[in-house]
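Student: Before we discuss this model, may I ask for the reasoning behind each descriptive term?

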Amino acid sequence: MNIETWFLVIYFIAMAGIGVWTLKIGSKGSEGYLLGGRSLGAAVTALRLQSSSMSGYMFLGAGSLAYTKGYFSLWYAMGDIGGGVLNLSILGRRMRKLSQILGSLTSIEYLEHRYPSKWIRAIAAPVALFCIFFYVMSQFIAGGRGLEMVTGIPYAWALLIAVGVIVFYTFLGGYLAVAYTDFVQAIIMLIGMLWILIGCLQAVGGWTAGNEAVGQINPNLLTMWGPDGIESVQWGVIVGAVLVFSIGYMGWPHVNVSHMAMKRPSVARRASLYATGFNLLFIPAPYIVGIMALILLPTLDNPELAVFEVADAVLPNFAVGIVMAGIMAAIMSTADALLLQSGTIASQDLFQRFFKKNMSDQQSVWVSRFTILVLAMIGYFVAVNDPPAVAEVVIFSTTVLGAAFVPVYIAAAWWKKANVPGAITSMIAGTVSSVVWQLTGLVDVTGIDPMGIGIVCSTLALILVSLATQRSHPVPAHVLEAMKETDKIGAIPAHMLTGQNDSLAGQVPKDI
C-alpha cells in the first residue's frame with residue numbers, strides 16, 4: 001500500500017474505535033442512543049453541527065462550482081459561513097429547552113409535541129426520510145470516488161469500504177459515536193483543507209498571480225456575476241444560493257438534533273462562537289482551490305474532482321494521505337449523521353409512533369440499527385450502478401428539507417400562534433413548491449431559486465392558515481406554558497418535567 005492508503009487505514013480504524021468506545025452509552029436505551037444522554041458541550045456541539053452539514057459537497061460540489069463559475073460560487077460560501085451561528089442563535093437554546101420540557105427525543109417528534117397532531121409526524125417523517133436518503137447517497141458517492149482516486153481500488157469496492165466503516169461506528173455507538181467522530185473529523189477537515197489551500201497558492205505563485213492568471217482565462221470569473229457577466233445574472237438564483245446554506249440549515253432534522261443533545265441550553269452561546277471561527281477558516285478554502293484549479297488543471301474532465309486533483313498535484317505523498325483523510329472526514333461526518341437520523345425517523349417517528357407504540361427502548365434502538373443497515377445497502381446499490389452528480393443531489397435534497405421545515409422549526413420556538421393546521425399546510429406547501437420548481441424547469445424560466453420560492457410559500461402558508469384557524473385549533477395550554485418557560489433564561493423547573501419517561505425526567509439541568 002502507498003502512504004496515502006496507510007493514513008486512510010489508520011483514520012478508519014480510529015473512527016471505528018470511537019464507535020466501540022461509545023457503545024456502552026449508546027446501548028443505554030433510546031435517550032442514550034439517539035441523544036447521547038444530552039451530554040455534549042460547546043466545542044463538540046459546534047463542530048458536530050458544522051461537520052455534519054458540510055458534507056462531501058465542500059470537497060466535490062464547492063470545487064466544481066468554483067471551477068465552472070469562478071467567484072460567483074462565493075454566494076454559496078457566504079450563506080454557509082453564517083449558517084451555523086444563525087442556527088445556534090435562533091434555535092439552539094430555545095429548542096434545547098423546549099424539546100426537554102415537551103419530552104422529545106427526536107427532531108421530528110419535537111415538531112409533533114409542539115404541534116400536537118399525529119398528522120404532523122405522518123407528513124414530516126416521510127418527507128425527511130426521502131430527502132435524507134438522497135443526501136446520504138451523495139455522501140456514499142463522494143466517499144467512493146475519493147477512495148478510488150487515492151488507492152486505485154475500483155469504485156464499487158472503494159464505495160463498499162467507505163459505506164462499511166460509516167455504518168460500523170454509527171451502528172454501534174449511536175449519537176455519541178456520531179458526535180465525537182464528527183468532532184474529530186471537523187478538525188481533520190480543517191487541517192486538510194487549509195493544507196491544500198496553502199499548497200495551491202504556492203503552486204500558482206500567490207494570491208495576486210493566481211487571480212491574474214484566472215483573469216486571462218476569463219475576466220468575468222474574477223467577479224461575483226459568473227463567467228457570462230452581470231447581464232446573465234439570475235438574482236433569484238443568487239438569493240436561493242445564500243438561503244440554501246444559511247437559513248436552510250434550520251430545516252435540516254439531522255442538524256437540529258444537535259441542539260437537543262446539548263448538555264444545557266446555555267451551551268448554544270459558546271457553540272456559536274466555535275462554529276463561526278470554524279466556518280471563517282474552512283468554508284472559503286475549497287472555493288478558492290476550485291478557482292485556482294483552472295490554472296493548475298486547465299483540461300480537467302470532471303470538475304467535481306478539482307480539490308482531489310489539486311491536492312494530488314501540489315502536496316507531497318505523506319501530506320496527500322492526511323488531506324485525503326480530511327476529505328473522507330467531511331464525507332463521513334455528514335453520512336453518519338444522515339444515517340442515524342434515518343434510523344431515528346424509521347424507529348421512533350414511524351414504527352413506534354404508528355405501528356408498535358409499546359415498543360421498549362432496546363427494541364427501538366435495534367429498529368434504528370436495522371434501518372441504518374437497510375438504507376446503507378439500498379444507497380450503496382443505487383450509488384454503484386448509476387451515480388448522479390454529488391452537487392445536484394445535495395442541493396436538491398437540502399433545498400426541499402429547508403423549504404419544508406425552516407418555518408415550522410423557527411415558529412415552534414418563537415411564535416405562540418403557530419398551530420397544527422398552519423404547520424401541516426406549511427410543510428406541504430414548502431415541499432410541493434420546491435420540488436415542482438426544480439422538476440419543471442421553472443428555475444430557468446423565472447430566475448427564482450427553488451429554496452426562495454419554497455421558503456416564501458411555506459412561510460405564508462404557516463402565517464395565514466395559523467391566523468385563520470386560531471379559534472378552531474388553538475395552541476394547547478401546556479404548549480403555551482412550555483413556550484413561556486422557554487422565553488426565560490434559567491433552569492427548567494422540575495414540575496414541568498413530570499409525566500415524561502424516566503430517562504428524560506432525570507435530565508433536569510442544574511444550571512443554565
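The exchange below sets computed values against their definitions.

Tutor: This is a predicted model, in which local features need pLDDT of at least 70, side-chain atom pairs count only at pLDDT 80 or more, and totals for chains, interfaces and linings use all residues. Residues are numbered from 1 along each chain as its sequence is written, and side-chain values use heavy atoms, with hydrogens and water left out.

Student: Why is Arg94 called buried?

Tutor: Buried means under 20% relative accessible area, exposed over 50% and partly exposed in between (1.4 Å probe, protein chains only). Arg94 has a relative accessible area of 10%, so Arg94 is buried.

Student: What makes helix α12 largely enclosed by the rest of the structure?

Tutor: Helices are DSSP runs of H or I with at least four residues, numbered from the N terminus. In α12 (residues 253–260), eight of the eight residues are buried, so this helix is largely enclosed. Among them are Pro253, His254 and Met260.

Student: Why is α5 called oblique to α14?

Tutor: The axes, lines fitted to C-alpha atoms over the stretch in contact, give angles from 0 to 180 degrees between N-to-C directions. Those of α5 (residues 61–69) and α14 (residues 284–296) come within 7 Å and cross at roughly 45 degrees. Angles under 35 degrees count as roughly parallel, over 145 as roughly antiparallel, 65 to 115 as roughly perpendicular and the rest as oblique. Therefore α5 is oblique to α14.

Student: Which residues of α5 meet α14?

Tutor: Contact means heavy atoms within 4.5 Å. Ala62, Gly63, Ala66 and Tyr67 in α5 meet α14 residues including Gly290 and Leu294.

Note on methods: Helices (H or I, at least four residues) and strands (E, at least two) are DSSP runs, numbered from the N terminus.
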